[in-house]
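Colleague: Got a minute to walk me through this model? I'd like to hear the reasoning behind each label.

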Amino acid sequence: MKKSKQFWPFILLAVLVYVVIQVLISTEMMNQFYSNTLILIAINIILAVSLHLVIGITGQFSIGHAGFLAVGAYVSAIITMKLQLPFAVAIIVGGVIAALAGLIVGIPSLRLKGDYLAIATLGFAEIIRIVFLNIDAVGGAAGMQVSHLTTWTYAFVCLVITLVVIVNFTNSRHGLAAISVRENEIASDAMGINTTYYKVIAFAIGSFFAGVAGALFSHNFYIIQPSQFGFLKSFDILIFVVLGGLGSLSGAVLSAILLTIVSTYLQGYPETRMIIYSLVLIIVMLYRPKGLMGTMEITDYFKLWRTPKGGSQHGK
Amino acid sequence: MEWIQQLINGISLGSIYALIALGYTMVYGIIKLINFAHGDVFMVGSFIGFYSITVFGLGFFPALIISMVACALFGVIIERIAYKRLRNATRIAALITAIGVSLLIEYGVIYIRGAQPEAYPNIFSNKTFSILGAQISIQSVLILSVSVVLMILLQFIVHKTKTGKAMRAVSHDVEAAKLMGINVDNTISATFAIGSALAGAAGVIFGVYYTKIDPLMGVIPGLKAFVAAVLGGIGIIPGAMVGGLVLGVVETIVSALGFSLWRDAAAFIILILILIFRPSGIFGKNTREKV
């Protein structure tokens with residue numbers, strides 16, 4: 001796990017990508033459509049990576065991620081629109097409140113396993129959505145107007161921070177403990193690892209970044225409505241993680257990029273998009289149940305002679 | 001007597017949930033899979049009933065039977081194509097596939113016939129009669145009796161026939177059942193067929209009772225029926241019936257108290273409470289996990 005060697009090259013690459021795209025946007029060589037797609041890709045990568053931490057690393061199957069996205073979106077919208085505070089504050093507060101929501105949801109429900117956990121998270125996400133639907137101060141079903149504040153700079157900085165935090169978490173002692181929970185919860189319990197603690201921590205961090213993504217999301221779309229955060233949104237995030245590989249960060253990033261581009265082009269045909277998505281999901285699960293990249297990272301392909309980390313997903 | 005009327009409404013709604021929940025609970029009992037596509041089988045059943053009534057001019061009972069048969073076939077096809085290979089896969093893989101199948105059915109139907117809702121034809125008169133001052137429609141009585149008959153039929157199949165015995169054996173221990181010469185694949189298919197037929201019946205009943213159907217109608221009743229199955233103790237057939245009725249009555253009470261927007265939340269709050277405090281459900285027995 002000598003990730004420190006990869007850290008500075010990664011930052012350098014990030015700065016390079018940022019500068020190139022920022023120059024393209026500010027000189028208007030890149031039009032609104034492309035810059036919007038890039039912001040959307042950044043938001044989706046944040047979502048994918050935050051769910052990857054919960055499902056891929058810790059092995060807790062959550063299908064209610066859109067609930068935390070909704071918390072971040074609404075809380076940040078309240079902060080900028082009602083309290084007139086700056087956007088950066090809104091992003092952080094949105095993330096923190098989403099993390100708190102993650103703790104509240106996670107502490108009781110992470111005692112459950114597998115299918116039951118999935119249903120419980122789905123139920124919580126629905127409850128969060130219904131709560132926002134019933135609060136008149138945020139517009140109820142009609143939704144809430146939000147001014148457009150998300151820029152490429154905000155989206156990219158949040159994206160880099162998310163990636164750095166989640167990669168470092170994964171490679172730390174805590175991350176190893178989380179992976180051991182994924183591999184075999186009973187065994188890691190027997191080794192003296194506080195499994196509940198690590199599950200809740202991973203869930204809260206995942207929720208924090210979902211909240212950050214929510215803040216970027218709401219300030220990118222002018223309006224937020226509870227119906228945007230339903231089960232289908234959770235499913236959209238889930239497919240990023242599943243397609244990329246359960247346990248592969250770069251897989252989640254790549255599939256988020258790919259699927260965002262695909263769905264941008266299929267925007268006019270929502271049914272076709274959903275049919276393609278669901279077929280992809282079924283076929284991937286039937287023929288490659290670990291996702292396209294399994295637990296491999298993209299860097300592993302460059303050095304195949306080293307033993308791939310992670311290992312199998314058996315034992316659940 | 002307002003509350004008797006509400007109670008009847010709640011029981012009618014609850015019996016629809018119970019019919020769907022039976023399919024969930026039977027499938028879960030036998031292969032430990034949450035069949036997310038079950039709510040969509042319910043939707044397909046509703047549409048089959050709708051088309052047999054409007055296009056072919058059939059009455060309620062022929063439409064009900066056609067819908068049940070078609071859904072049974074549909075359920076078996078889903079099982080054979082998508083779930084059969086996943087018997088030995090991880091639970092997460094199976095669950096994701098089930099979600100995929102569910103979305104495929106929903107958007108496949110939208111793709112074929114569009115997303116617009118349909119109004120179910122009014123096949124029963126809207127006559128009501130009063131018992132103890134409550135106005136009870138003939139519809140709700142009929143719906144209730146159809147559900148009760150179907151549940152009794154199910155109990156008969158499960159407890160008195162050879163297939164039912166095989167189903168119980170497989171849900172108890174797949175390996176042992178196989179060693180005793182039970183054809184496990186056929187038994188699982190039979191379970192899917194019966195569960196899906198009940199969902200199809202629930203679809204037709206739902207259409208007649210609520211009159212409006214659309215391709216995404218299966219999502220919320222499907223989830224709620226799952227809640228009902230968990231509430232009663234998943235894998236336990238009488239549990240699903242009781243869970244469905246309880247859920248229907250609770251929802252009606254929440255609506256009647258003036259919180260109709262919170263109605264959907266009530267089901268999920270029940271789900272979470274039951275999962276936290278009694279994960280094995282009302283009728284379930286606590287089992288210890290073996291390493």
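**Labels and the values behind them**

Modeller: Sure, and keep in mind that this is a predicted model. Let's begin with chain B, which has 11 helices and four strands.

Colleague: What makes chain B as compact as a globular protein of that length?

Modeller: Chain B has a radius of gyration of 19 Å, and the globule rule gives 19 Å for 291 residues, so the label fits. Its C-alpha trace spans about 55 × 45 × 35 Å along the principal axes.

Colleague: And how much of chain B is buried?

Modeller: Buried residues are 52% of the 291 in chain B. To count, a residue needs 20 or more other C-beta atoms within 10 Å of its own. As for contacts in chain B with a separation of 6 or more, 76% are between residues 24 or more positions apart.

Colleague: Over to chain A. What does it contain, in helices and strands?

Modeller: Chain A has 13 helices and two strands.

Colleague: Why is chain A called as compact as a globular protein of its length?

Modeller: Its radius of gyration is 19 Å and the globule rule gives 20 Å for 316 residues; those values are close, so the description holds for chain A. The C-alpha atoms of chain A fill a box of roughly 50 × 45 × 40 Å along the principal axes. Of the 316 residues in chain A, 51% are buried. Residues 24 or more positions apart make up 80% of the chain A contacts with a separation of 6 or more.

Colleague: Why are H2(A) and H11(A) called oblique to each other?

Modeller: Helix H2 (residues 32-57) of chain A packs against helix H11 (residues 249-265) of chain A at about 140 degrees, with the axes 8 Å apart. Roughly antiparallel would take an angle over 145, and roughly perpendicular runs from 65 to 115. H2(A) and H11(A) are therefore oblique. The crossing of H2(A) past H11(A) is right-handed.

Colleague: Which residues meet there?

Modeller: Among them are Leu40(A), Ile41(A) and Asn44(A) from H2(A), and Ala252(A), Val253(A) and Thr260(A) from H11(A). The contact has 10 nonpolar residues, six polar and no charged.

Colleague: How many residues touch between the two chains?

Modeller: 33 residues of chain A are in contact with 34 of chain B; the cut-off is C-beta atoms within 7 Å. On the chain A side, H5 (114-134), H10 (231-244) and H12 (270-287) each supply at least two residues.

Colleague: Which helix gives the most to that side of chain A?

Modeller: H5(A), with 13 residues. The side of chain A that touches chain B divides into 24 nonpolar, five polar and four charged residues.

Note on methods: Residues are numbered from 1 along each chain as its sequence is written. Chains are lettered from A and ligands numbered from 1 in the order in which they are written. This is a predicted model: local features need pLDDT of at least 70, side-chain atom pairs count only at pLDDT 80 or more; totals for chains, interfaces and linings use all residues. Axes are lines fitted to C-alpha atoms, for helices over the stretch in contact, and angles run from 0 to 180 degrees between N-to-C directions. Angles under 35 degrees count as roughly parallel, over 145 as roughly antiparallel, 65 to 115 as roughly perpendicular and the rest as oblique. A crossing is left-handed if the near helix is turned anticlockwise from the far one by less than a right angle, and right-handed if clockwise. Ala, Val, Leu, Ile, Met, Phe, Trp, Tyr, Cys and Pro count as nonpolar, Asp, Glu, Lys and Arg as charged, and the others, Gly among them, as polar. The radius of gyration is taken over C-alpha atoms; the globule rule is 2.2 Å times the number of residues to the power 0.38. A residue is buried if 20 or more other C-beta atoms lie within 10 Å of its own, exposed if 12 or fewer, and partly exposed in between; C-beta atoms are placed from the backbone.
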